[in-house]
Amino acid sequence: MLRKRLIAVLTLNDGVLFRTKLFRPDYRYTLNFVDAWSVDEIVVLDITRKGEGLRANFEQAVRDFAKRCFVPLAAGGGVRTLADVDRLLAIGADKIVVNSGALARPDLITEIANKYGSQCVVVSIDARPQGDSYRVYADFASRDTGLDVETWAREAQQRGAGEILITAIDRDGWLQGYDLALVKCVADAVRVPVLALGGCGNWQHAVDLFTATDVAAACTQNIYHFTEISIRAAKQYLRDREIEVR
């Protein structure tokens with residue numbers, strides 16, 4: 001059985017690290033606070049709205065961070081073309097996260113997979129409940145695409161996605177636990193690893209996630225989870241509850 005992963009997700013607004021709440025920048029931090037060696041992987045996302053910052057600031061932050069990051073680094077946000085992918089990989093990213101760009105042009109997933117391999121493509125899906133199911137949202141969770149989350153996850157896998165990152169929009173920043181029903185429906189729908197984001201406020205939430213669903217990784221944006229001491233304690237907490245982690 002594959003060991004579970006803990007992944008830190010960093011959201012950058014105009015190149016500056018911010019915590020988010022309901023997909024809006026909520027509180028500013030410094031990247032120096034993050035221990036780049038303690039987690040299993042790191043995801044860096046550009047959350048800058050159009051007209052509110054420069055893409056160059058995000059890319060410079062990724063470049064600087066990659067120099068001191070010795071775990072796999074995924075980068076995304078605003079990826080629309082293979083040229084965007086080439087640039088992020090050239091400055092230090094190991095994987096590429098695509099979301100709205102893939103929804104607008106699903107062939108982008110296949111293009112990345114064909115050029116760099118499926119292991120390079122992480123398709124990020126933002127979702128919220130709609131009746132008895134979950135709907136996919138785009139453009140910073142502002143637009144309902146009308147797509148069912150399981151349908152889009154399966155299509156993303158078919159087109160070449162190596163992993164699916166599923167985010168519960170309404171849990172973002174609230175620290176009240178993952179949306180287990182959402183995560184389970186996606187994990188049950190695909191064969192590729194699923195990474196869960198949105199709601200992790202303590203390590204019991206990660207235990208609940210790994211116990212209730214067949215996910216590969218628990219992701220957190222809680223800045224207090226990003227220190228070496230915190231991650232070491234988290235992994236011991238999970239092992240004590242018979243969760244095999246890296």
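**View 1. E242 in the segment after α8, an exposed residue with a positive phi.** In this predicted model, E242 has a relative accessibility of 73% and therefore counts as exposed, since the cut-off for that class is over 50%. The residue is found in the segment that follows α8 (228-240), and its backbone adopts a positive phi of about 65° although E242 is not a glycine. As background to this view, most residues other than glycine have a negative phi.

**View 2. L175 in the loop between β10 and α6.** A positive phi also appears at L175, where the angle is about 60° although the residue is not a glycine. L175 lies in the loop that runs between β10 (163-168) and α6 (180-189). With a relative accessibility of 39%, L175 is counted as partly exposed, because this value falls between the limits of 20% and 50%.

**View 3. The surroundings of D126 in strand β7.** D126 has its place in strand β7, which covers residues 121-130. Which side chain of opposite charge is nearest to the buried D126, and how far away is it? The nearest one is R49, at 9.4 Å, and D126 has no salt bridge; at such a distance none would be counted, because the criterion requires a side-chain nitrogen of Lys or Arg within 4 Å of a carboxyl oxygen. The side chain of D126 does, however, make a polar contact with the side chain of N99, at 3.0 Å. Leaving aside residues up to four places away in sequence, D126 touches F23, N99, R135, V136, Y137, T167 and I169.

**View 4. Positive charges over aromatic rings.** The charged end of R128 sits over the ring of Y137, 5.0 Å from the ring centre; Y137 is also among the residues that D126 touches. In another such arrangement, K21 lies over the face of W174, at 3.9 Å from the centre of the ring. As for contacts between the rings themselves, a search of the whole structure finds zero aromatic pairs.

**View 5. The buried salt bridge between R5 and E41.** R5 and E41 form a salt bridge in which the closest N and O atoms are 2.5 Å apart. This pair links distant parts of the chain, with R5 in strand β1 (residues 5-13) and E41 in strand β4 (residues 41-46), 36 residues apart. R5 counts as buried because its relative accessibility is 5%, under the limit of 20%, and E41, at 7%, counts as buried as well.

**View 6. Salt bridges R135–D144 and D139–R143.** The side chains of R135 and D144 meet in a salt bridge with an N to O distance of 3.1 Å. R135, with a relative accessibility of 23%, counts as partly exposed, and D144 is likewise partly exposed, at 29%. R135 is also one of the residues touched by D126. D139 and R143 meet through their side chains in a salt bridge of 2.9 Å, again taken from N to O; D139 is partly exposed with a relative accessible area of 31%, as is R143 with 39%.

**View 7. A network of salt bridges from D46 to R87.** Which residues are linked in a network of salt bridges? The members are D46, R55, E59, D84 and R87. The structure as a whole holds 19 salt bridges.

Notes. Residues numbered from 1 in each chain as written. Predicted model: local features only at pLDDT ≥ 70, side-chain atom pairs only at ≥ 80, totals over all residues. Heavy atoms only, no water. Helix = DSSP H or I, 4+ residues; strand = E, 2+ residues; numbered from the N terminus. Buried < 20%, exposed > 50% of the residue type's maximum accessible area, 1.4 Å probe, protein only. Lys, Arg positive; Asp, Glu negative; His and termini not counted. Polar contact = N/O pair within 3.5 Å; in protein donor to acceptor, adjacent residues only side chain to side chain. Contact = heavy atoms within 4.5 Å. Phe/Tyr/Trp six-rings, centres within 6.5 Å; stacked < 30°, edge-to-face > 60°. Lys NZ or Arg CZ within 6 Å of the ring centre and 35° of its normal.
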